[in-house]
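Visitor: I'd like a close look at a single part of this model. Could you walk me through it slowly?

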Protein chains: 2
Amino acid sequence: MATIEFFFDYGSPASYLAYTQMPGLAQRSGATVVYRPMLLGGVFKATGNQSPINIPAKGAWMMTDLPRFARRYGVPYVRNPHFPINTLNLMRGAIAAEMDGRLIPYSDAMFSAVWADQKRMEDPIVIAEVLRAAGFDPGAMLAAIGRPDVKDRLKAVTEEAIARGVFGAPTFFIGKEMFFGQDRLDFVEEEAKRAA
Amino acid sequence: MATIEFFFDYGSPASYLAYTQMPGLAQRSGATVVYRPMLLGGVFKATGNQSPINIPAKGAWMMTDLPRFARRYGVPYVRNPHFPINTLNLMRGAIAAEMDGRLIPYSDAMFSAVWADQKRMEDPIVIAEVLRAAGFDPGAMLAAIGRPDVKDRLKAVTEEAIARGVFGAPTFFIGKEMFFGQDRLDFVEEEAKRAA
């Protein structure tokens, strides 16, 4: 059975689209998905890569391309007017949730808040509301994201990703095979079946 | 019947991969393909975009991604050791060949020389050899690419592409719908069938 490592950041709309497809892909291929929250801003800084929206013509194109994939997948997708956002706190929260065995419900809540519900996820009050609605204790999460072990773990995963060749999100690994982009899910699925 | 405009540059490996797929796509969808040679370097300069190989980690990834698509398509693809190249003369030649009604045989020769045969296509002697082997008169082509109307036409097409939102290659238009990348051929084919 193949293991798919899925590196992502909640601020990446392509990560969101891929995230919605992972359960189906895992079921069809019999693969196990390992969710790896990383800090995309750290990846950009280290690799010299940047968000495509920094190139205005490319950003405009993305605003047609992402909805096309959302329609194909049959999932909600609404451009977030607060995009791009600094996701440091959200990603530290992912690490804290992961340590607590609750990464999936946390990720469901974060991705939906940013890419379906247009929430302003740099605002602590908005983050607290979203967390509470998803069954998390906002105060406990706020305390957790300040913990050194949480900060260090996010940094370590991000550095691991960079060392393995990651330059953007989402990025998938099956063994040493790397796939970049939610538009490579068909290749990921093929490889997962092959490696099974 | 839909018309697909296909903007490309011979120096772009993704343009080459797309080019190999256009006849089949046109046949399946009943669409007409209009081949639009442009200068990708001019597009990059105007839009602030750049070749993905300028980001080392992204360039390394492309060296696995492009062969994956070549295998899927069943077409030859060999990384060109002279890449990236300045394609100004090659693209002016495309305009001259187009004016002469010979854009397809010219493009077949150029794309194969760069992306299957690893030719050094900045070298005038190599270009002349490739042209002669494809049935072109190298001397006549050399004269043609110096003509003001040829230079102006390439510039005009490139400016038109930029004005319409192009930031890379290949880019496709079906009416006002724009698609970027050889990895969007499935969307292009869907739209061509829809618009038929």
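Which residues of helix 2 (residues 40–47) of chain A are buried?

Guide: Happy to help, and please keep in mind that this is a predicted model. In helix 2 of chain A, the buried residues are Leu40(A), Val43(A), Phe44(A) and Thr47(A). Viewed down the axis of helix 2 of chain A, these buried residues fall within an arc of 100°, so they line one face of the helix. That pattern has a simple background: an α-helix has 3.6 residues a turn, so residues three or four places apart point the same way.

What lies over that face? The cover of the buried residues includes helix 8 (148–163) of chain A and also helix 3 (56–73) of chain B. Just after helix 2 of chain A comes Gly48(A), with a positive phi near 85°.

Helix 3 of chain B leads us on to the interface. There, 23 residues of chain B are in contact with 23 residues of chain A. Trp61(B), Arg68(B) and Phe187(B) supply 27% of the area that chain B buries against chain A, more than any other three residues. Between the two chains there are 10 salt bridges, and one of them joins the side chains of Asp183(A) and Arg184(B) at 3.0 Å, N to O. Helix 3, strand 4 (177–180) and helix 9 (185–195) of chain B each give two or more residues to the side that touches chain A, and the largest share, eight residues, comes from helix 3 of chain B. By class, that side of chain B has 10 nonpolar, four polar and nine charged residues.

Note on methods. Residues are numbered from 1 along each chain as its sequence is written. Chains are lettered from A and ligands numbered from 1 in the order in which they are written. This is a predicted model: local features need pLDDT of at least 70, side-chain atom pairs count only at pLDDT 80 or more; totals for chains, interfaces and linings use all residues. Side-chain values use heavy atoms; hydrogens and water are left out. Buried means under 20% relative accessible area, exposed over 50%, partly exposed in between (1.4 Å probe, protein chains only). Helices (H or I, at least four residues) and strands (E, at least two) are DSSP runs, numbered from the N terminus. The arc is that of the directions from the helix axis to the C-beta atoms. Contact means heavy atoms within 4.5 Å. Buried area is the accessible area (1.4 Å probe) that two parts lose on being put together, summed over both. A salt bridge is a side-chain nitrogen of Lys or Arg within 4 Å of a carboxyl oxygen of Asp or Glu. Ala, Val, Leu, Ile, Met, Phe, Trp, Tyr, Cys and Pro count as nonpolar, Asp, Glu, Lys and Arg as charged, and the others, Gly among them, as polar.
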